[in-house]
Amino acid sequence: MKHILQAGAALALILAVPALAQEKTIRIGVLTDMSGPYADVGGAGSTLAAELAVEDSGIKARGWTVSVVSADHQNKVDVASNVTREWFDQGKADVIVDTLNSGVALAVSQIVKEKNKVLLNSGAASSDLTGKSCSPNTIAWTYDTFSQANGTGRALTKAGGDSWYFITADYAFGKALERDTTAVVTANGGKVLGDTMAPLNNADFSSQLLQAQASKAKVIGLANAGADSVNSIKQAAEFGITQSGQKLAALLIFISDVHALGLKAAQGLEFTETYYWDVNDQTRAFADRFSKRSKNAAKPTMVQAGVYSSLRHYLKAVEAGAPVADGAGVVARMKSLPTDDQAFGKGSIREDGRKIHPAYLLQVKKPEESKYPWDYARIVATIPAEEAFRPLSQSECPLVKK
Amino acid sequence: MRDAAAPAILRTKRPPDEILAIAALAALLVAAPLAIYPFLLAQALCMALFACAFNLLVGYGGLLSFGHALFFGWASYFAAHMAKGFGWPPELAIAAATLCAGALGLVAGALSIRRQGIYFSMITLALAQLGYFVALQVPFTHGEDGIQGVPRGKLFGLINLGDDFTLYYVVLAIFLFGLFGVYRIVHSPFGAVLKAIRENEPRAISLGYRTERYKLAAFVLSATLAGLAGATKAIVAQSATLTDAHWTMSGEVILMTLVGGMGTITGPVLGAFVIVAMQTYFSAMGQWVTVIQGAIFVLCVLAFRRGVVGEIAARFKISL
């Protein structure tokens with residue numbers, strides 16, 4: 001009888017082990033731009049941030065198996081959809097992080113919802129992800145077009161920059177940025193003197209910059225992104241626009257862009273980030289660990305920091321008992337838990353999937369003010385968490401009960 | 001001149017090799033989803049059909065269009081909008097979008113075939129860029145976000161396309177219809193005149209053919225088939241985006257056709273599968289994908305100019 005019991009126990013153990021192992025497995029997919037214009041914003045750094053999140057959580061020591069795979073979506077929605085479906089159908093990912101492209105994020109978010117997985121978007125800017133296209137399986141972590149427009153527009157207007165002129169990328173994203181910023185500027189007592197459109201991937205901004213200069217506006221808002229931002233900032237420096245007293249505000253730019261531009265061209269530029277590595281000891285500690293292992297010892301961008309932070313929280317929710325297989329369940333648990341990590345400090349996630357944390361209005365330093373590597377910006381203003389993002393009352397998200 | 005020395009396509013006798021090649025390809029494709037992920041295959045088939053449509057124009061008509069993404073991309077927008085915005089069933093959305101692409105082809109073709117050679121190519125490129133920027137601006141395409149979440153719906157109200165396997169076989173049927181269509185066109189009297197124009201246009205004119213009409217017809221047919229491919233892709237990928245209308249898509253289809261074999265029936269299909277496979281399986285390698293693509297292109301131009309299938313066909317003196 002004893003033998004039978006022992007055999008039974010052994011058998012039960014054998015049967016239980018694979019089940020247990022299966023339950024304690026987390027597969028992370030980093031879907032990002034590895035080769036295109038945003039590769040420095042996310043790219044390999046996002047994969048590194050994901051690996052750091054797994055290591056820092058110490059989850060492996062507690063018996064979990066965690067794998068990290070990554071892929072380049074080449075900024076193509078169909079490639080991204082392919083990779084996502086394949087990861088899910090062939091059991092390579094339970095959670096997708098980064099995305100870095102609004103079109104990609106919107107498409108992936110739909111597949112994630114269909115398959116009940118999790119999307120932790122860090123890089124894509126579209127506020128639709130937590131607006132009319134929100135999903136119970138998606139969290140938008142780092143920033144969105146609203147927080148960018150709001151941060152830069154509000155703080156600058158309040159600081160006396162009450163007349164604006166926009167140089168806008170002539171497509172939906174640029175126009176949305178201009179529209180949102182205009183609303184913020186006028187709400188804070190400023191006025192918009194005019195705007196001019198530039199085509200996507202424009203090489204020559206001289207006509208637009210001269211118009212902006214002639215408008216005598218105190219602030220020139222750049223409602224563009226990527227190469228367009230870099231080109232317009234470089235050429236503004238050649239025209240001596242910031243030296244002559246006008247302020248240049250980039251509505252969507254990352255610290256990696258400032259690094260690429262160099263302080264000489266970018267000095268005086270104002271922009272908004274939700275994570276800047278040199279804010280406090282905690283953010284510096286994370287940035288140091290990151291840059292020790294990153295290419296060219298680069299500090300993390302806010303997108304990469306968002307990947308780290310969102311995954312830390314995801315792992316916390318899973319360890320707290322949310323079943324990995326039920327994506328919506330994990331997201332619900334993530335929303336109910338307060339967030340806390342080195343990169344973003346304490347925060348929370350709203351019911352529409354919007355992560356809430358403070359934003360910083362930064363100004364790029366002059367070359368002589370920069371004391372150490374990556375000492376690129378000083379904090380002009382801090383926008384408190386509850387004011388940094390679109391208020392829930394304005395949300396078009398169907399998940400929000402009104 | 002001996003018969004074998006002439007380009008295989010010029011032979012007037014209808015060779016059964018091509019039909020055999022199409023049949024072998026069809027058999028392979030029917031079995032393929034057992035080994036390969038069907039969703040990926042369905043997308044590859046759309047690209048393959050696109051390449052076949054392009055090949056009809058360049059391989060048999062000798063007209064190198066740099067702007068075929070115009071028809072592919074816009075058909076995909078039309079189909080996506082009809083299926084999502086109007087709630088049309090997939091077969092109707094695809095058919096209507098295909099016709100729209102044909103109409104676009106009529107306009108673009110009528111303008112561009114008035115010039116020859118590089119000027120023709122440049123006009124098609126200019127028109128495609130025009131179409132791209134319209135797609136970027138008009139509200140219903142949602143600019144750079146594209147149209148997302150296109151419902152696959154039920155084919156004829158009966159067949160649920162939500163299942164990847166079902167979807168694949170429906171796409172395969174559409175693809176084979178397109179491929180066989182190209183075959184029929186190429187081997188019709190119209191196709192013979194087209195090839196004559198490609199070889200020597202002044203001579204075709206002197207024989208009394210109104211060559212511009214033939215060229216326009218070929219252009220419209222090619223645009224329509226490219227539209228069929230784009231519309232199907234919108235239903236498969238459940239999205240329509242700027243990628244499909246961008247000039248790089250026009251470039252990609254040239255690459256596919258050249259790698260596979262210009263002026264062969266099955267070559268572009270192989271080329272499309274090679275390129276799609278590279279983009280998918282090498283996606284983890286990041287920027288190396290474009291480098292490898294470039295290397296293959298260089299290799300193709302230097303070592304086997306007729307493309308993979310074209311070289312095989314030439315070696316065995318058959319047409320494939």
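Visitor: How are the strands ordered in the open sheet of chain A?
Guide: The order is E11-E12-E13, 3 strands with antiparallel pairing. Strands pair if DSSP finds at least two bridges between them; strands (E, at least two residues) and helices (H or I, at least four residues) are DSSP runs, numbered from the N terminus. This is a predicted model, where local features need pLDDT of at least 70, side-chain atom pairs count only at pLDDT 80 or more, and totals for chains, interfaces and linings use all residues. Residues are numbered from 1 along each chain as its sequence is written, with chains lettered from A and ligands numbered from 1 in the order in which they are written.

Visitor: Which are the edge strands?
Guide: E11 (339–341) and E13 (355–356) of chain A, each pairing on one side only.

Visitor: How many bridges join E12(A) to E13(A)?
Guide: There are 2. A:Ile349 has A:Lys355 in E13(A) as its bridge partner.

Visitor: Switching to H13(A), which residues are buried?
Guide: A:Gly327, A:Val330, A:Val331 and A:Met334. Buried means that 20 or more other C-beta atoms, placed from the backbone, lie within 10 Å of the residue's own.

Visitor: Why do they line one face of the helix?
Guide: Down the axis of H13(A), the buried residues fall within an arc of 95°, so they line one face. The arc is taken over directions from the helix axis to the C-beta atoms.

Visitor: And how many residues does each chain give to the contact?
Guide: Chain A gives 24 residues and chain B gives 24 residues. Contact requires C-beta atoms, placed from the backbone, within 7 Å. On the chain B side, H2(B) has the largest share, 3 residues.

Key. Contact = placed C-beta atoms within 7 Å. Buried ≥ 20, exposed ≤ 12 C-beta atoms within 10 Å, placed from the backbone.
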